[in-house]
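Open the model in a viewer and keep a selection box at hand. The stops below go from one selection to the next.

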Amino acid sequence: MLDLYEELRKLISTFDEHKIDYALCGGVAMAVHDHPRATIDIDLLILNESLDQVLAIATELGYGIRGLDMTFAAGAVEIRRISKVDRESGHLLALDFLLVTPEVRDVWNSRVRVDREGGKLSVVSRTGLIALKSLRGSLQDQADIAALQEDLRDETN
């Protein structure tokens, strides 16, 4: 069975070897910011000029199912998806690469480095996650935003 965190570790390790900038976002980033929740994919914010190299790395790691390109929030968010199927369980794991567009440049600039399992991990800041999640605004995004805003209030008290 696919282990989401082991898959992330392999991906990030390879990015670091190739000096590719990234910022973890989405559900796994929520866990990094002390709000673990169920998630079925790995979301990473990347620079557009890294896309070809990032997709090649993902392919080398067994991600060979290329999804359709997605755009939402009037083009502010562009996503490139690549997935793989676990041979044992049949489960699908998707990697969603969110491209840095002008509308999310501040989110990209807000990324921070955190200590994780003996290494450093680049992750979108709490305020950056709020901004990114506000662009979609699903029920899950709204719940995540409320949790992150509470953290920010607690930091100021």
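Which residues are linked with Arg37 in a network of salt bridges? Select Lys133, Arg136, Asp141 and Asp144: together with Arg37 they are linked in a network of salt bridges. A salt bridge here is a side-chain nitrogen of Lys or Arg within 4 Å of a carboxyl oxygen of Asp or Glu. Within the network, zoom in on Arg136 and Asp141, whose side chains meet in a salt bridge at 2.8 Å, N to O. Asp141 is buried, with a relative accessible area of 5%; buried means under 20% relative accessible area, exposed over 50%, and partly exposed in between (1.4 Å probe, protein chains only).

Before going further, note that this is a predicted model, in which local features need pLDDT of at least 70 and side-chain atom pairs count only at pLDDT 80 or more, while totals for chains, interfaces and linings use all residues. Residues are numbered from 1 along each chain as its sequence is written, and side-chain values use heavy atoms, with hydrogens and water left out.

**The whole chain**

Zoom out and switch to a cartoon. The chain has 6 helices and 8 strands, where helices (H or I, at least four residues) and strands (E, at least two) are DSSP runs numbered from the N terminus. Traced along the sequence, their pattern is α-β-α-β-α-β-β-β-β-α-β-β-α-α. The radius of gyration is 15 Å, close to the 15 Å that the globule rule gives for 157 residues, so the chain is as compact as a globular protein of that length. That radius is taken over C-alpha atoms, and the globule rule is 2.2 Å times the number of residues to the power 0.38. Along the principal axes, the C-alpha atoms fill a box of roughly 45 × 35 × 30 Å.

Colour by burial next: buried residues make up 46% of the 157 residues. Of the contacts with a separation of 6 or more, 57% are between residues 24 or more positions apart; contact means heavy atoms within 4.5 Å.

**Helix H5**

Select residues 126–136, which form helix H5. Which residues of H5 are buried? They are Arg126, Gly128, Leu129, Ile130, Leu132 and Lys133. To see what covers these buried residues, add strand E1 (22–25), helix H2 (26–32), E5, E6, helix H4 (105–109) and helix H6 (139–156), which are among the covering elements. Just after H5 comes Gly137, with a positive phi near 75°.

**Helix H4**

From H5, move to Arg105 in helix H4. The C-alpha atoms of Arg105 and Gly128 are separated by 9.7 Å, with their positions 23 residues apart along the chain. Arg105 counts as partly exposed, at 37% relative accessibility. Leaving aside neighbours within four places in sequence, Arg105 is in contact with Leu47 and Val100.

Select Trp108 and Arg111 as well. Arg111 lies over the face of Trp108, at 3.9 Å from the ring centre. The rule for a charge over a ring is that NZ of Lys or CZ of Arg is within 6 Å of the ring centre and within 35 degrees of the ring normal.

**The aromatic cluster**

Show the rings of Phe15, Tyr22 and Phe97, which ring pairs link into a cluster. Rings of Phe, Tyr and Trp (its six-membered ring) pair if their centres lie within 6.5 Å; planes under 30 degrees apart count as stacked, over 60 as edge-to-face and the rest as tilted. The count comes to 2 aromatic pairs. Phe15 and Tyr22 form a tilted pair, 6.0 Å centre to centre with 55° between the planes. Phe15 and Tyr22 are both buried.

Phe15 and Phe97 form a tilted pair too, 6.5 Å centre to centre with 40° between the planes. This pair links distant parts of the chain, with Phe15 in helix H1 (residues 4–17) and Phe97 in strand E6 (residues 92–99), 82 residues apart. Phe97 is buried, as is Phe15.

**Salt bridges at strand E5**

The model has 16 salt bridges. For two of them, select Lys84 with Glu7, then Arg81 with Asp96.

Lys84 and Glu7 have their closest N and O atoms 3.0 Å apart. Lys84 lies in strand E5 (residues 77–85) and Glu7 in helix H1, so the pair ties together parts that are 77 residues apart in sequence. Both Lys84 and Glu7 are buried.

In the salt bridge of Arg81 with Asp96, the closest N and O atoms are 2.6 Å apart. Arg81 lies in strand E5 and Asp96 in strand E6, so this pair ties together parts that are 15 residues apart in sequence. Arg81 is partly exposed at 28% relative accessibility, whereas Asp96 is buried, with a relative accessible area of 4%.
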